[in-house]
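These are my notebook entries on a structure that was new to me. I wrote them in the order in which I looked things up.

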Amino acid sequence: MRLRLVLGDQLSLPLSSLRDVKLGEDVILMAEVNEEATYVRHHKKKIAFLFSAMRHFAEALRSLGHRVVYVPYGCPENTGSLFGEVLRLKEAEAVTEIIVTMPGEYRLLNEMESWQDRLGVPVELREDDRFLCSTEGFQKWASGRKSLRLEYFYREMRRNHDILMDGDKPLGGKWNYDHDNRQSAPKRLDVPAPFSVEPDRVTEEVLALVTDQFSEHFGDLKPFSLAVTREDALKALDQFVAERLSKFGNYQDAMVQGEPWMFHSHISFYLNCGLLLPLECVHAAERAYFDGTAPLNSVEGFIRQIVGWREFIRGIYWHSMPEYAGLNYLSASRDLPEFYWTGETQMNCLHQCIVETKANAYAHHIQRLMVIGNFSLLAGFAPKEVSEWYLAVYADAYEWVELPNVNGMILFADGGLFASKPYAASGAYINKMSNYCEHCVYAHATKTGEKACPFNYLYWNFLDQNEEKLRSNPRVSMIYRTWDKMSDSKKQEIRTDSRRFLALLDGSQA
Ligand code: FAD
Ligand code: DLZ
Ligand code: SF4
């Protein structure tokens, strides 16, 4: 009998490990285990979401006639680890082979590679072909290239999968419509309510379990309204395409106080645990373009996130691990401040983004990148701490996607493996793209002094502190010329303000 192990982020019927499963012969194992639930202190909503989605998926498999051994968290025999559960089932039944789809995190892959010796039966690790680009395909694409840039990868993906193509040319004549995007939000903007579904009995049971067992973890458990079945995840996708996609492009980078969801799709939860598959999301968006319900700048922008960024980031992860996790090009070492867990800071942009993260286990991209990420870069937080935070607080977070976004995209900890410069920005950017500054005690246009927006002096301080590593970067050297032209007294003010602010931050008073 063959044992098929299905992990919490592998909830897809076409999963490679289930492909040749024999009804009445093989057994499928799924387990809620302490090790996976606590290797970082995941947001309560993330645990509830995955446990409920896992339980529903097990039922879906059973309804197709499969034999599923499902080990709930509270089961007294539960050993608390995936290995322990595989071993327990192997000892109880005549298991001849174990089949698993490649896990999404290196730590687990590394562990699984020892299972065959430890269990004494063959363990077959299969490619996770829910991604459009295999790890091998990415290696081939990356090998021999001096720099890894999304744009070229993205074009190849579009061609290979015939997405938004007009023969061998991009539809509309351009690969990228970003210059039509990046608008800030107008004063009055009607944002549709996000998809939500009432918890059913299974979810209610899981919510009680999480309340009981994970009370120390970050985040608000309720209200809980995420989809936990494929059927509902498809409804969430349809709702996005019908109600938000047309404005996705225009307001992709906009942030509005009190609007955590904006015109984003909110499908990362479902894509990353397998309830949705990337191509079906891409095709749904493509159809909207052909039906005339969404413009090309939105459709292309959305598709680029999925066949471009998502696949590229995963490629970078497997291409660069395990060394990637330890990189710290800028030698950043500051501890995360307490307010990353509470949202209690006077900086309104950070306050809003962290409070929303706490409530929803979600923040949209530009909040993650240009508010929390930008601040983490400017303040010099240690990459490992930042990474652990992002992995814990978002319900869509797994290391394969979180780590390159943190080490590559926000912290420049990889020295520019795929980003040509650090994404550092002053308060002017946040003020342009949001209305957070209108409600802040700090003044976004003031450069120095106690009332000045901390992003303003921290921006220059960051460049000053990292001059040795950054000045020679062609995309940053222009900015150093502005710094060079500043008077010594101005520079001194920036350094003094930054020292004062960072001291407050270290004392948890910022
Ligand atoms: P949309 O804006 O609607 O985009 C559509 C889809 O594109 C997303 O669902 C996602 O699957 C994909 N996508 C977009 N940007 C990226 C990206 N940079 N990397 C990979 N996929 C992308 N995304 C995660 O799925 N998990 C994470 O743990 C995660 N951590 C991040 C950490 C940082 C520091 C940053 C800057 C970004 C991170 N992202 C992560 C990427 C992005 O912010 C989220 O995918 C997005 O906010 C999810 O919301 P959405 O589904 O509404 O996305
Ligand atoms: C994230 C997560 C959590 C919270 N719990 C479980 C679990 O109990 N059982 C399980 O199989 N998977 C869980 N996961 C998802 C895994 O952590 C994920 O499969 C690995 O990190 C690889 O991506
Ligand atoms: Fe954030 Fe500065 Fe604007 Fe305040 S003034 S919201 S700290 S960018």
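The entries below go through the ligands one after another and then turn to single residues and peptide bonds.

**Entry 1: what I am looking at**

I note at the outset that this is a predicted model, and I read every value below as computed from that model.

**Entry 2: ligand 1**

I began with ligand 1 and asked which residues come closest to it. I found 29 residues around ligand 1, and the closest of them are His264, Ser265, His266, Asn272 and Tyr362. Sorted by class, this shell holds 16 nonpolar, 9 polar and 4 charged residues.

I then looked up polar contacts, and I wrote down three of them. A backbone N or O atom of histidine 266 is 2.7 Å from an oxygen atom of ligand 1, while an N or O atom in the side chain of histidine 365 is 2.9 Å from an oxygen atom of the ligand. On the nitrogen side, I found a nitrogen atom of ligand 1 at 3.4 Å from an N or O atom in the side chain of glutamine 305. Taken alone, ligand 1 exposes 810 Å², and the protein buries 99% of that area. The elements that give two or more residues to its shell are helix H11 (268-273), helix H13 (296-320), helix H16 (365-379) and helix H18 (399-410).

**Entry 3: histidine 266, looked at again**

Since histidine 266 had already come up as a contact of ligand 1, I checked its backbone and its surroundings. Histidine 266 lies in the loop between helix H10 (245-248) and H11, and it has a positive phi of about 55° although it is not a glycine. Is histidine 266 buried or exposed? Its relative accessible area is 9%, and because buried means under 20%, I count histidine 266 as buried.

**Entry 4: ligand 2**

For ligand 2 I counted 18 surrounding residues, of which Gly8, Asp9, Ala31, Val33 and Glu36 come nearest. By class, the shell has 10 nonpolar, 3 polar and 5 charged residues.

Here too I noted three polar contacts, each with an oxygen atom of the ligand. A polar backbone atom of valine 33 is 2.8 Å from an oxygen atom of ligand 2, a polar side-chain atom of arginine 107 is 3.1 Å from an oxygen atom of the ligand, and an N or O atom in the side chain of glutamate 105 is 3.2 Å from an oxygen atom of the ligand. Ligand 2 taken alone exposes 490 Å², and the protein buries 100% of it. I also asked where ligand 2 sits, and the place is the largest cavity. Helix H1 (34-38), helix H2 (44-63) and helix H4 (106-112) are the elements that give two or more residues to the shell, and H2 gives the most, with 3 residues.

**Entry 5: ligand 3**

Around ligand 3 I listed Met347, Cys349, Gly427, Ile430, Tyr436, Cys437, Cys440, Tyr442, His444, Cys453 and Phe455. These residues divide into 9 nonpolar and 2 polar, with no charged residue in the shell.

**Entry 6: a second positive phi**

I noted that phenylalanine 412 also has a positive phi of about 55° although it is not a glycine. This residue is in the loop between H18 and helix H19 (427-433), and at 4% relative accessibility phenylalanine 412 counts as buried.

**Entry 7: cis peptide bonds**

I recorded two cis bonds that lead into a proline. The peptide bond from lysine 222 to proline 223 is cis, with omega near 0°, and proline 223 lies in the loop between helix H8 (201-213) and H9. A cis peptide bond also joins methionine 321 and proline 322, with omega about 5°, and proline 322 is found in the loop between H13 and helix H14 (339-342).

**Entry 8: alanine 233 and glutamate 113**

Lastly I looked up two residues and a partner in space for each. Alanine 233 is in helix H9 (residues 230-243), and it is buried, with a relative accessible area of 0%. Its C-alpha is 9.0 Å from that of leucine 271, although the two are 38 residues apart in sequence.

Glutamate 113 is in the loop between H4 and helix H5 (115-119). Its relative accessible area is 52%, and because exposed means over 50%, glutamate 113 counts as exposed. Glutamate 113 and leucine 125 are 12 residues apart in sequence, and I noted 8.5 Å between their C-alpha atoms.

Note on methods:
Residues numbered from 1 in each chain as written. Chains lettered and ligands numbered in written order. Predicted model: local features only at pLDDT ≥ 70, side-chain atom pairs only at ≥ 80, totals over all residues. Heavy atoms only, no water. Near = heavy atom within 4 Å. Polar contact = N/O pair within 3.5 Å; in protein donor to acceptor, adjacent residues only side chain to side chain. Areas by Shrake-Rupley, 256 points an atom, 1.4 Å probe, with all protein chains shown as cover. 1 Å grid on protein atoms, 1.4 Å probe; cavity = no way out; pocket = protein on both sides within 12 Å on 5 of 7 lines; lining within 4 Å. Sits in = over half its atoms within 2 Å of the grid points. Helix = DSSP H or I, 4+ residues; strand = E, 2+ residues; numbered from the N terminus. Nonpolar A, V, L, I, M, F, W, Y, C, P; charged D, E, K, R; others polar. Buried < 20%, exposed > 50% of the residue type's maximum accessible area, 1.4 Å probe, protein only.
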